[in-house]
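Trainee: Could you take one part of this model and go through it with me closely? I'd like to see how it sits among its neighbours.

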Amino acid sequence: MGKTYDVVGLGELLIDFTETGLSAQGNPLLEVNPGGAPGNVLSMLQNYGEKTAFIGKVGDDMFGRILLEAVGGCGIDTKGILVDKEVHTTLAFVHTYEDGDRDFSFYRNPGADMMLSKDEVNTDLIRDAKVFHFGTLSSTDPVVREATRYAIDVAKDSGAVISFDPNLREPLWRSLDDAKREIAYGLGKCDLLKISDNEVEFMCGTDDYDKGAQMLIDQYQIPLVLVTLGKEGSRAYYKGMRLEEKPFLTDKTIETTGAGDTFCASSIHYVLKYGLDNLTEENLRELLVYANAAASIITTRKGALRVMPKLEEVEALAATRL
């Protein structure tokens, strides 16, 4: 019997406050953008035509209501999202540099997403999913860490493909040793890994990304590893194959929020399309081109979850390479 959901994601939902210029008084203006990496991934997957559901927690406040409306408005099933009556929704303030890169300030001590407990995880959703996706922001604190590990175990027992994006956010960890330990745990559980260049350096101690990827494959036996290299494009490593694709650079880039998430969603979409057992070089090249195209498009927009690229936009840009 088939499964109802293509992808179920677990993790943080939060509000990104992004800069939109200055007021008449010269004060910074900030826009409320619904976000959180797993939600961004699911939103992009919805645009690819996949059926998704989210497991997480928001606060019983204005921002939590905005998030629930935004997630549901993207078509993502929200039955796994709980509302915490005591703890407020997590907030992130994003400062964007001239080159589009970002710096984050988080208000999350605690935040509602940290309060999801093991007994609140909707295991029916997970068992009914082809792919289970998670990151490490749901492992920064003991309560939600236990919930995340339990969810991973349920997903593995149900035969789901496990997708992992470390999404390292250093300010949210009590220590970088904790971050390294939890990333290592995720690496040991996943079938599909999307990892950034700086995360490879953090975990492997090298900026030779081929060497780092091979270290991860050898140590953790991960079937498919995808390394994002920012303005240098991306690489795929699979069964001894190594493919690299250039990025779609554009002078319309305003910020990089969501770029990694659109890339990750595109990768999951192609695993759903072709499976994980017999990917060809052509499959992998198509995956990278589409993922790079989607990531490029989102950098021309503020925010992510509500403004993910449409399939026809990605197809049109990808067609210039394929």
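Trainee: What covers the buried residues of α5?

Mentor: Ground rules first. This is a predicted model, where local features need pLDDT of at least 70 and side-chain atom pairs count only at pLDDT 80 or more, while totals for chains, interfaces and linings use all residues. Residues are numbered from 1 along each chain as its sequence is written, and side-chain values use heavy atoms, with hydrogens and water left out. Helices (H or I, at least four residues) and strands (E, at least two) are DSSP runs, numbered from the N terminus.

Now the helix. α5 takes in the twelve residues 176-187, and its end C-alpha atoms are 16 Å apart, which agrees with the 16 Å expected at 1.5 Å a residue (that is, 1.5 Å times one less than the number of residues). Its buried residues, meaning those under 20% relative accessible area with a 1.4 Å probe and protein chains only (over 50% is exposed, in between is partly exposed), are Ala179, Glu182, Ile183, Gly186 and Leu187. These cover an arc of only 145° around the axis, so they sit on the same side of α5; the arc is taken from the directions from the helix axis to the C-beta atoms.

So to your question: the cover includes β8 (129-134), α4 (142-157), β9 (161-164), β10 (192-196), α6 (197-204) and α7 (209-220). Contact here means heavy atoms within 4.5 Å.

Take α6 from that list. Glu199, Val200, Phe202, Met203 and Cys204 are buried in α6, and the buried residues of α6 pack against α5, β10, α7 and β11. After α6 comes glycine 205, with a positive phi near 70°.

Cys204 deserves a detour. The structure has zero disulfides, a disulfide being a pair of cysteine sulfur atoms within 2.5 Å. For cysteine 204, the nearest cysteine sulfur is that of cysteine 190, 12 Å away. Cysteine 204 has a relative accessible area of 13%, so it counts as buried. Cysteine 264 is in no disulfide either, with the sulfur of cysteine 190 again the nearest, 10 Å away; at 1% relative accessibility, cysteine 264 is buried.

The strands in the cover belong to an open, mixed sheet of nine strands, ordered β5-β4-β1-β8-β9-β10-β11-β12-β13 (strands pair if DSSP finds at least two bridges between them). β5 (77-84) and β13 (241-245) are at the edges with a single partner strand each, so one side of each has no neighbour in the sheet. From one strand to the next, the twist averages 15°.

On the α7 side, that helix lies across β10, β11, β12 and β13, at about 35° to β12 (axes are lines fitted to C-alpha atoms, for helices over the stretch in contact, and angles between N-to-C directions run from 0 to 180 degrees). Helix α8 (residues 259-274) packs on the sheet too, touching β1 (5-10), β8, β9, β10, β11 and β12, and makes about 160° with β10. Within the sheet, β11 (224-228) and β12 (234-238) run antiparallel and are joined by five bridges, with threonine 228 partnered by serine 234.

Last, towards the β5 edge: β1 and β4 pair in the parallel sense over four bridges, and β4 and β5 do so over six. In β4 (52-59), eight of its eight residues are buried.
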